[in-house]
Amino acid sequence: MTTASVKPPSPPEGDAPRKSRWGLWAQGNFRKLWIGETTSGLGTAVGNVALALVAVVTLEASPFTVGLLTASAWVPWLFLGLLAGAWVDRWPRLKVMLVCDLLLLVLFGSVPVAGWLGLLTMAQLVVVALLAGAVKVFLSTANSAVLPVLVAKPDLLEANVKLRSGDAAAEIAGPGLAGLISQAFGAVTGLLADALTYLVAALCVGSIKAEEKPPPVSERRGILREIKEGVRFLVHDPYLRTLASFAAVGNLGLNGIQAVQTIFLVRTVGVTPGGVGAVFAVVSIGGLAGAALAGRIARRFGTARGLLLCELVGAPFILLLPMAGERLPLAVSAVAWSIAVCGVIAGNVIAGSFYQAYCPPAMIGRIRASASTVNFSAIPVGALLGGWLGELLGARTTLWIMASVLLSAGLVLLAGPLRGLRSFPERPAHS
């Protein structure tokens, strides 16, 4: 098995006990990571809306083309996910993140430049989305693997809470900011703002001081063999296998809901475009609350039991969403939807922290990439399934079906080894 030695800075920020009441905010490396990730998260939230606006408003794309544009961002996981995990475990992860941020700066910056020159085409948008998706496979893998280098094992949950809270806040602010920028300066300018956030992220990541030592070339055992090691670890470990299956089913349901949620609100319930934005803002607040509450839930109930509570108590509120405008006022359904998202996000934070604490450091990139390949591959499947069911059965019926799929993810957890545990186990001794 290939081994990668990672040596923290001296004095080691990640391993030294914290004496400051500010917790991880007192650690410079973590602050830089948080600023960079939150800024790029805001840019991504702006860019997602701006990219769709450029396609629809500027280039007058068809619905199928817009769907192709959306799918392009996730397709690379099918082909690159496992390879990215093995490669990231061979390279310094901070340098991988730095290179990825700079590539995303160039890719998204090319769109407004082409727009200003009158050369922008739909083909370029699809290519940019596809290439950016490929870069983000490496960025996401490296990002999930680098955190144990920067913070101590007991602080991983706190770190993930803070990072996910920043992401959730960006998701709340991003769509509104994208609308304002597009209204004032044009949709392509929104993608310039997205590009500049990756410059900020690159500057932050580049200033982090942590010594990483990837395995020497002489210790490498072939890319396919290293990929198999990561896949084998995931498949043979009952906890990781359960979490990967749970996340795949959850993504299938969530993205099936997202495929028809706007159509449901506008055409079935009769919500105005401004009202749709307000509903999504309420839902995003639930995500922010979930990220903030994850640490408290884990400390109060234990990590394994806390994850089960999030999925079995919080997530079922999604069943009130299809009732909007028929059996329940929209406001009630929106709040219930927000509570469900709160439970999902809190569970994601707890599960993500377990991955980082449990997986062997030398293999974490490959293991996380193996799990992410399973998880993220379910996203385009869920979106296509939701769209197909929406045309066949209608938006409200589709929401009932996909909400049921989302809740079945909790049954995956109950069928696994977490049912009788209070907290997740420690890393195996042989790792």
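**Exercise 1.** In this predicted model, work out in which hand α9 passes α13, then sort out how the two helices run relative to each other.

*Solution.* Start with the hand: the crossing of α9 past α13 is right-handed. Next, get the geometry. Helix α9 covers residues 238-269 and helix α13 covers residues 364-393; their axes sit 7 Å apart and the packing angle is about 30°. Now apply the cut-off: angles under 35 degrees count as roughly parallel, so α9 and α13 are roughly parallel to each other. Finally, check who's in the contact of α9 with α13: 15 nonpolar residues, 8 polar ones and no charged ones.

**Exercise 2.** Do the same for α4 and α7: which orientation do they have relative to each other?

*Solution.* Helix α4 spans residues 93-116 and helix α7 spans residues 187-206; the axes come within 8 Å and cross at roughly 160°. Anything over 145 degrees counts as roughly antiparallel, and α4 and α7 are therefore roughly antiparallel. As for the hand, α4 goes past α7 in a left-handed crossing. The contact of α4 with α7 breaks down into 20 nonpolar, 3 polar and 2 charged residues.

**Exercise 3.** Describe the second largest pocket, and say which element gives the most to its lining.

*Solution.* Volume first: about 400 Å³. Then the lining of this pocket, which has 18 residues, with Lys153, Pro154, Leu157, Thr303 and Ala357 nearest the centre. Elements giving two or more residues are α6 (156-185), α10 (273-301) and α12 (330-358). The top contributor is α12, with 5 residues. By class, the lining of the second largest pocket splits into 10 nonpolar, 3 polar and 5 charged residues.

Methods:
Residues are numbered from 1 along each chain as its sequence is written. This is a predicted model: local features need pLDDT of at least 70, side-chain atom pairs count only at pLDDT 80 or more; totals for chains, interfaces and linings use all residues. Side-chain values use heavy atoms; hydrogens and water are left out. Axes are lines fitted to C-alpha atoms, for helices over the stretch in contact, and angles run from 0 to 180 degrees between N-to-C directions. Helices (H or I, at least four residues) and strands (E, at least two) are DSSP runs, numbered from the N terminus. Angles under 35 degrees count as roughly parallel, over 145 as roughly antiparallel, 65 to 115 as roughly perpendicular and the rest as oblique. A crossing is left-handed if the near helix is turned anticlockwise from the far one by less than a right angle, and right-handed if clockwise. Ala, Val, Leu, Ile, Met, Phe, Trp, Tyr, Cys and Pro count as nonpolar, Asp, Glu, Lys and Arg as charged, and the others, Gly among them, as polar. On a 1 Å grid over the protein atoms alone, a cavity is a set of points where a 1.4 Å probe fits but cannot get out, and a pocket is an open set with protein on both sides within 12 Å along at least five of seven lines; lining residues have an atom within 4 Å of a point. Grid points are joined across faces, edges and corners, and a volume is the space filled by probe spheres set on the points.
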